[in-house]
Amino acid sequence: MGRRRSELVTLTDVAKRAGVSVATASKALNNRSEVADETRARVRRAAAELSFQPNALARGLISGRTRTIGLLTDELGGRFSMPVLLGVENALGNQEMSVVLCDARGDAIRRRHYIRALAARQVDGFIILGESNDVRPSLTHDIPVPVVYVYGESSDPGDLSILADDADGARLAAEHLLSLQRRRIGHITGPRSYRAVRDRASALCGVLRDRGLALAGGDPLYGEWSRRWGRHATHMLLAAEPGVDAIFCGNDQIADGACETLDDLGRLIPDDVAVVGYDNWEALAADCRPPLTTIDLNLEQLGAIAVRHLSAALDGHHRSGVIRQPGRLVVRESTGPLPRRQALEHSVTG
């Protein structure tokens, strides 16, 4: 009777089927360079015909690796963690590796416990996932394997940190609004304590300054990451500068609140005021009235990039410093060209 379970097929069976030694079969399946291409192809064909599945533990003993990565986060339930995790998991799956996920929930004792536990499992490397782009204390000195930080910058310049490019995202938003002939652009955003908030505000003001323009209302309006703040701040902005023709918001929730207030006040979007959000929170941005133009952080790509650099570090190619990954502009109905009459007025008034 033939085998019915692929796990009963051994490397010896594959070697016999391919007509090579067990050592040669092992080298071929592990893509070792000393095996001829024709022999490697024959061994792989034999393994496929027998539905051979290599034993992960045995492969780890041979290579010195477990093909497992530890991912340590402080905010598993947050909107930003899950997309990064998906990017990590997809990239690892493509490399036939797996991830062990630990959520420290912001607790230093819990974090140290997970570092010890993952090290005891002999993971090949760590990915440390932050909850914002802000600088965080380096954990590398406690970890005996390569580490990459993603969506959170390590305080040690010798570490590698993969970040979303907040300044670039703000420039994308500003240039989009300016291309639509918007000239009185206000900015409503989150707490000033966030570096991302400061970087975006600075980049926006820089783009406007280069065009000889000032920020509508004088200064950015800093507050909460909430619809409520978006509603309240929009009232404040319009009171300070009634002629506002565009609002760049620090996240999609703020933008949704801004749209609600504009609608309540009879301001048409985008005819009277164009609105741009940030984050591309799909469930909110697509459901906003009107659907929201926003900046996508490309968080899944951040996770994939972190895996690529961690794999390079495992192969001895360590890189340090900061890599900032650009976002992308997602255009929906909350921005659009000015009606012809208003466009002519703007061209006359400058």
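**Strand β3 and the α9/α10 pair**

In this predicted model, Gly70 stands opposite Phe126 in β3.

User: How do you know that β1 and β3 pair, and in which sense?

Analyst: Pairing calls for at least two bridges, and strand β1 (residues 68-73) has 5 bridges with β3, so the two count as paired. Their sense is parallel.

User: What makes β3 and β5 a pair?

Analyst: The same kind of reasoning helps here. β3 and β5 (residues 147-150) share 4 bridges, and at least two are needed, so they pair as well. These strands run parallel, and Ile128 has Tyr149 in β5 as its bridge partner.

User: Why is β3 called largely enclosed?

Analyst: A residue is buried when its relative accessible area is under 20%. In β3 (residues 125-129), 5 of the 5 residues are buried, so the strand is largely enclosed by the rest of the structure. Both faces are covered: Phe126 and Ile128 lie on one side, with Gly125, Ile127 and Leu129 on the other.

User: Why are α9 and α10 called oblique?

Analyst: Helix α9 (residues 227-240) and helix α10 (residues 252-264) pack at about 50°, their axes 7 Å apart. Roughly parallel needs an angle under 35 degrees, and roughly perpendicular spans 65 to 115. The angle of about 50° fits neither, so the helices are oblique to each other. Their crossing is right-handed.

User: Which residues meet where α9 and α10 touch?

Analyst: Among them, α9 brings Arg227, Trp229 and Leu238, while α10 brings residues including Ile254, Asp256 and Glu260. By class, this contact has 5 nonpolar, 6 polar and 4 charged residues.

Key:
Residues are numbered from 1 along each chain as its sequence is written. This is a predicted model: local features need pLDDT of at least 70, side-chain atom pairs count only at pLDDT 80 or more; totals for chains, interfaces and linings use all residues. Side-chain values use heavy atoms; hydrogens and water are left out. Axes are lines fitted to C-alpha atoms, for helices over the stretch in contact, and angles run from 0 to 180 degrees between N-to-C directions. Angles under 35 degrees count as roughly parallel, over 145 as roughly antiparallel, 65 to 115 as roughly perpendicular and the rest as oblique. A crossing is left-handed if the near helix is turned anticlockwise from the far one by less than a right angle, and right-handed if clockwise. Contact means heavy atoms within 4.5 Å. Ala, Val, Leu, Ile, Met, Phe, Trp, Tyr, Cys and Pro count as nonpolar, Asp, Glu, Lys and Arg as charged, and the others, Gly among them, as polar. Buried means under 20% relative accessible area, exposed over 50%, partly exposed in between (1.4 Å probe, protein chains only).
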